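Work through these exercises with the structure open. Try each task before you read its solution.

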Amino acid sequence: MRYPFSEIESKWQKLWEDNKIYKTDFSKLDKKLYCLVMFIYPSGAKLHCGHWYNYGPTDTWARYKKLKGFNAFEPMGYDAFGLPAENYAIKTGIHPYDSTMTNISDIRQQLKRMGCMYDWDAELMTCNPEYYKWNQWLFLQLYKKGLAYRKNAPVNWCPKDQTVLANEQVQADGTCERCGTLVIQKNLTQWFFKITDYAEELLKGLEEINWPEKTKLMQRNWIGKSIGTEVRFKVENRDEVITVFTTRPDTLFGVTYVVIAPEHPLVKKITKPELKKGVDDYIDSIKSLTEIDRTSTIKEKTGVPIGANAINSVNGEIIPIWIADYALLTYGTGCVMAVPAHDERDFEFATKFSLPIRKVILAPGTKPEDEMKTAYTEVGVLINSGSFNGLNSDVAIDKISEFVEINNLGKRKVNYRLRDWLISRQRYWGTPIPIIHCPKCGEVPVEEKDLPVELPYDVEFKPGGESPLTTNKSFYDVKCPKCGTDSHRDPDTMDTFVDSSWYYFRYLNPKFEAKIFDTALTNNWVPVDMYVGGAEHATMHLLYARFIHKFLRDLGLTKSGEPFLNLIHQGTITNQGAKMSKSKGNVVNPDEFTSKFGSDVFRLYLMFMGPYEMGGDWSDKGIAGTDRFVQRSYELFSRFIDCLTKSPAKNIYDIDILNDDEKTVYRKVNQTIKKYDEEINNFRFNTTIASLMELLNELTKSLEKCSGEIQAYSLERFGILLAPVAPHLAEECMQIIGRRESIFKNPVWFEPDLKALIEDNVMIAVQVNGKLRATIEMPMNSDQSFAKQIVFSDDKVAKHLDGKSILKEIFVKNKIYNIVVK
């Protein structure tokens, strides 16, 4: 009889839901476990393979922990705001709210059919006013602390989506990560969160968390800490000063020109009138370039002189000032001291524009007069550096920094590559920014009692570079709450990464009205113990969540300093070696396979196809193999109906008094428990399932030859091991053999009998003159005389000894027998 998955899966899902099997008791803090997956964006594509691969295996791990006695909390929600729903509205006329609610309803049913143990009472969706009210409250707290501010700045602009993109949302080739359009630069007044104030804390916190090293390295590089010196260069014959940041103060005597960002306010002030047109033309020519283009190491550098000069503070030398595309106003001071002899980019630029190249660090084995073919960037001895000549350059870094500070020419400073988080979006489907703009009072925060500022339903979606919210006059036009003057609301909405920066707090009581979250619960349950999601979020969501968590800590709302203690990244499921995408026509629809094989088979196959962090390539043939495993397991249990009640098993047996078949089965069951425990605890699902397949083979072969008690003992343990990886199947199989309630109602776990892990026999490698000639089974702990009888009587070994003299025999108990012959 085939396993009737459709009937059985719906049966157990109903029982789990009706009896609230997965409702977490938050008062039980002993062995609490908060297990979370990155929540789903409810797109029209519904639940795809990538979601399944994230959610199914993680649920398996959480179920395993529940069986081990942990009080597991596994919630699910919807990252419901975002640009795709708005673009869909532009294309089809279906309102983002309507399409999102429809998609959520469909996805909720798909998630329930997966059979995950989500606590559905904890469900949340970010597009509900009861949720995004607290995004607005969070904005106001940041604003009060000076950590939310508005400024005019060059931003990444997607011409197709008609919205601003954060640096993290622009791909390496300069295109929009969502639609692939080439991103341009545009000056706009935007809202920012001052994440840079937390740069050092964000770096230090990485030492406290168990995350993949690659992800931590990506965050370290993104934050980009540099320890250096700020040096002031006066502009010749003017009051203005150019400040540069350098990590190489040892090269200050080698500065031969200064570069400032084309957007720098100084450019207009100090450019000579006769060069103004050329400078303006150059600035116009680079406006379309993204920051990634401008800082590319392979792109040819461009620039023009502005006719002004600077004075090198350390030697009084007059040096020209240029503007160039590689200097960015948003990084450091927007000004760069150029040392072409000891910086590759500066060498390239100086060579192209025939600017002076002065050697101030001598490479070992070279002479000062030797011509430079390329920049020398390693340690050497200082030359042409006044009183510092003869110092090693690594020593001179500190000495010249000290000189700069003593003479009031600058100061030591720590700099960060990290930029403030740009959160403004010129789109509709997001959280409205709770600010009113008054012509008299300026920026006026909405009072907390008036939150939420609700998103209006009636808007015009045609993209025009401004937020669609401006088209709803009843929303946009308001009176100033301070002076009553005609004013308007801020027309932008927040980046959706704001929604996901704190959502893990809200899950614990999503209906809580008094505060942003219920601290009575979160103080005991946050941080999240295990977080699972894609590595692509390393420098976006995962960084933003860490920043907001630390800010909430500083408000006294949480005791912990980090949001996610442990982090796992799942790999990618490919099809015929390529990433799944609609355009390639290689997307695997999970529903097609769950309707044919059931959720457990689909879950098992995804976990079995390869190491979890690497993913694997989809194969219809492969899923048939896991289906056979499920069918065979069901058939096995069906042969031993009510065996738990007919022959109740003891917890442990004396292996020495069991017959040979019982001994083999008993040992295999316990070895599997040990192996399974080690593998699944570390998210090694493929090897976990492989151990169950081996156990099934042994049980199928030998179980009927065992006593009723050993049958009950073995099947009960096999059923419990199945429960995390195939929960519906396990519930049904355990009911067949006599269990009367859900496995997960009163969870149980069986520890292995350590005595049963010891093998009676071992395999001994036999070598002749160092070459393996046979592998022979013999009793554990056999002595050399007994081992020799078996080894020398083996035909394969005898063939290599025939006619030869034995010079030496080396025996290592339970491992190897080595024979040296001549």
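Buried means under 20% relative accessible area, exposed means over 50%, and partly exposed lies in between (1.4 Å probe, protein chains only). This is a predicted model: local features need pLDDT of at least 70, side-chain atom pairs count only at pLDDT 80 or more, and totals for chains, interfaces and linings use all residues. Residues are numbered from 1 along each chain as its sequence is written, and side-chain values use heavy atoms, with hydrogens and water left out.

**Exercise 1. Describe the protein as a whole.**

Step 1. Count the elements. Helices (H or I, at least four residues) and strands (E, at least two) are DSSP runs, numbered from the N terminus. The protein has 26 helices and 32 strands.

Step 2. Take the span. The C-alpha trace extends about 100 × 85 × 50 Å along its principal axes.

Step 3. Check burial. Of the 822 residues, 55% are buried.

**Exercise 2. Find how many disulfides there are, and explain the case of cysteine 116.**

Step 1. Recall the bond. A disulfide is a covalent bond between the sulfur atoms of two cysteines.

Step 2. Apply the rule. A pair of cysteine sulfur atoms must lie within 2.5 Å. The count is zero.

Step 3. Look at cysteine 116. Its closest cysteine sulfur is in cysteine 35, 10.0 Å away, so the two are too far apart for a bond.

Step 4. Add the burial. Cysteine 116 is buried, at 7% relative accessible area. Cysteine 335 is buried too, with a value of 7%.

**Exercise 3. Describe how helices H21 and H23 pack.**

Step 1. Know what to report. Two packed helices are described by the angle between their axes and the distance between the axes.

Step 2. Read the values. Axes are lines fitted to C-alpha atoms, for helices over the stretch in contact, and angles run from 0 to 180 degrees between N-to-C directions. H21 (residues 660-680) and H23 (residues 708-725) pack at about 20°, with axes 10 Å apart.

Step 3. Classify the angle. Under 35 degrees is roughly parallel, over 145 roughly antiparallel, 65 to 115 roughly perpendicular, and the rest oblique. H21 and H23 are therefore roughly parallel.

**Exercise 4. Place serine 633 in its surroundings.**

Step 1. Locate it. Serine 633 sits in helix H19 (residues 620-638).

Step 2. Check burial. Serine 633 is buried, with a relative accessible area of 0%.

Step 3. List its contacts (heavy atoms within 4.5 Å). Leaving out residues up to four places away in sequence, serine 633 touches Leu696, Phe718, Leu722, Leu729 and Cys733.
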